[in-house]
Structure formats: structure tokens, C-alpha cells
Amino acid sequence: LPASFRVLSEPAPPMSATLPGTCLPPGAMRCAQPEVGQRTIAVYISGVKSRLLLNSTLERALVPLVRDGSAVHVYVSLLFDGTDIGSWMPVRAHATEDPSIAPLSHTDLQEYIVDRISRTGACVVCAEVLDKPEPIGEVPENPGQITKYPPRATKAGQRLLRLWKSRERMWHRSLASEAQSRTKYELFFWIRDDSIWLGDVPMPSKLLATPDAPRTVWARACGGFGGLNDKSVIFGRLAAPVLMTLYSGFMHGGLPTNTSNAEQYLLGVVHAAGMVAISPSFEAQPEASAMLFGSPQNLSLCAIGHYWCGQAISTYSQFLGFCEEVVPENSR
């Protein structure tokens, strides 16, 4: 195990006192203490307000997790305005923001998120809304790592570091929450802002029955681009300190092996840390990246074809098709 990951695999001290931003809107209820013996899990949702597609995460992720008997604690980190960070994918420029979210102010967005998530039976520990993109320090060269979009030289690589940094901050918040509530999360989920769930998430009761579950990482078998699909990932307790500190790991030297993209880098980290990678089928972990397009009065949902690895898109009535094909040419 490389020294950087050996250090980071140890629990980090709570940092809530030094973390920026207001975590919850005024008057929001704190999470109740889990019942004795109740399984507690953490869900991290991160990304950009303009890309947020919350409904299916509520209905096909949080509701089933609560129904499975878990105390579900949710951590949300969203950038309020993602204009400055852009996207490497041109079709993203023609997405339409969810009309129920678009007009909300910072505080209104926090209240909206807390209300919607609380209605599922889950509890929001933190819902931070950031004014500016994550600041990142001087990025090391780390030759041979993430060579397709090296973080030192490309905006795409720096967006990746910002995503990792936001998760790392949420990790520190969750450690602080554990210390305050005297609980320990057994299982962790990270979910993207643009996730659409086409079925229920895998159930913790089954995942935790897997041999060596605390050291296991579940990442969908398809769409890994030579590594592990990093769109929605589930992991056990011992894997969490490694996966949730990818930013610090990279900034402190990263991996000794060559990787071309984030997916390969993730797989390298999992192997270097001695974790177990399990790759469920798309049907077992049925999540896709998507976006809304059209006018607010005539919205359609399309799937990002670059990341798609399900059955024929026509079998899913939620989607008009692949964004790269159905977004009108005159709007590109």
C-alpha cells in the first residue's frame, strides 16, 4: 500500500469546526438517535445545482434504504452556479434545470433538499450550497496518472479534483456526526447529481451479508472504461476512509501505477489499499446519467449515451433517447 493511502486509510479527526458553509438551513431538525441495533448508513450526493435530478434518488434509493430497516443519513454538497466549471461534453450546455429547483435561492434550496429528503424517512445531516467552485491547491504532476485529462493541466481533471474534495469534506462531516451521535456507519453510497435510478438500489441487508463486506467496493460492471464505474459506488466501512479521501491521496502523490482516467485511478486505489471490488450488473445497480432539455413547459429527459450501459434505450420509457442523438441540432 503506498504511503499516502496507508496514512489516509486511518480515520481522520472531526473537522466540523473548520469546514466552510452553513450545513443546514435555520430551524432544520437534527437527526434522531438510531434505535439500538439499527443499521446506520451514509449517502453522499454531490455536484452542481443546475444538473440536480433528485426525484429518482428519493424514490428508488432513499425510500428503499429506509424500508430495508436502515437509519439513513444524507450528506449533500452542491455548487450553486456551475457556469465557471463547464463540462467536457458539449451536449451538457443545452440542459434545462429542473424548474422546481431553478428559481431557488441558497437557503431555499437547502430547505427544499431537507424537506424532500426528510419525507422519505431519511435524515439530512448536511446540505451545503457553495457559492464558488472548490478551491484546489497546487496540483502535483503525478506523471502517468489520469493522463487523458491530467488534473494539473486540464479543466476536466480539476473538476474531478473538486468533486473528490467535496466528498472528502462530507467524509469529515460524517466522522464528526458519528462522534457526536456515538454511532458508526456500516455502509456508504455516493451518488452523482445527474443520477437517474431505473430500479431500486441494492439493499444493505444483502450487501452486508457479503463475505468481507467492510472491505468491499460495489461498482457497476459496465461503463468502467478499463477501471471501476465511478458514477454510483457503494462501499463498506474499511473502504470508506480510502474512497472518501481520493483528493488528498492524489495531492500527496497518488498511485505508482499508470492510469488514463478517473475510473482506472479508482480501481488502482482499491487494489493498492487491499480492498475487494465487486462489479454488479446494470440490472443489479440500475443507475444512469441523464439531463433534462427543452423549454420548462415542454421538458424531456434523455440519457447520456457516453455513460450508458443498460439494455436498448427504447426499453426505458423515462427517456426520449440518448442526449447526443435527441437534443435538437439547432440548440447545440
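Let's start with a small open sheet of three strands, which follow the order β5-β9-β10 and pair in the antiparallel sense. At its edges stand β5 (195-197) and β10 (300-303); each has a single partner strand, so one side of each is left without a neighbour in the sheet. From one strand to the next, the twist averages 50 degrees. Keep in mind as you look around that this is a predicted model.

Now zoom in on one of these pairings. Strand β9 (residues 287-293) and β10 run antiparallel and are joined by four bridges. If you would like a pair of residues to find on screen, try methionine 291, whose bridge partner in β10 is cysteine 302.

Next, travel back along the chain to strand β1, which covers residues 40-48. Is this strand largely enclosed or left open by the rest of the structure? Eight of its nine residues are buried, so the rest of the structure largely encloses β1. Here, a residue counts as buried when its relative accessible area is under 20%.

Who are the partners of β1? One of them is strand β2 (residues 71-79), which pairs with β1 in the parallel sense over nine bridges. Within this pairing, serine 46 stands opposite serine 77 of β2. To get from β1 to β2, the chain passes through helix α2 (residues 55-67), and this β-α-β crossover is right-handed. Strand β4 (residues 187-192) also pairs with β1 in the parallel sense, over six bridges. There, isoleucine 41 has leucine 187 of β4 as its bridge partner.

Let's leave the strands for a moment and visit a loop. Between β2 and α3 (106-118) the loop holds arginine 92. Why does arginine 92 count as buried? Its relative accessibility is 12%, and the cut-off for buried is under 20%. The side chain of arginine 92 also has a partner: a polar contact of 2.5 Å joins it to the side chain of aspartate 194.

Our last stop is helix α8, spanning residues 262-272, which is mostly covered, with eight of its eleven residues buried. Among the buried ones are Tyr265, Leu266 and Leu267, and Glu263 is on the list as well. Glu263 also takes part in a contact at the start of α8, where a side-chain oxygen of asparagine 261 comes to within 3.2 Å of the backbone nitrogen of glutamate 263. Beyond the other end, α8 is followed by glycine 274, which has a positive phi, near 75 degrees.

Methods
Residues are numbered from 1 along each chain as its sequence is written. This is a predicted model: local features need pLDDT of at least 70, side-chain atom pairs count only at pLDDT 80 or more; totals for chains, interfaces and linings use all residues. Side-chain values use heavy atoms; hydrogens and water are left out. Buried means under 20% relative accessible area, exposed over 50%, partly exposed in between (1.4 Å probe, protein chains only). Helices (H or I, at least four residues) and strands (E, at least two) are DSSP runs, numbered from the N terminus. Two strands pair if DSSP finds at least two bridges between them. A crossover is right-handed if, with the strands pointing away from the viewer, the path from the first strand over the helix to the second runs clockwise. A polar contact is a pair of N or O atoms within 3.5 Å; within protein, one must be able to donate a hydrogen and the other to accept it, and residues adjacent in sequence count only if both atoms are side-chain atoms. Axes are lines fitted to C-alpha atoms, for helices over the stretch in contact, and angles run from 0 to 180 degrees between N-to-C directions.
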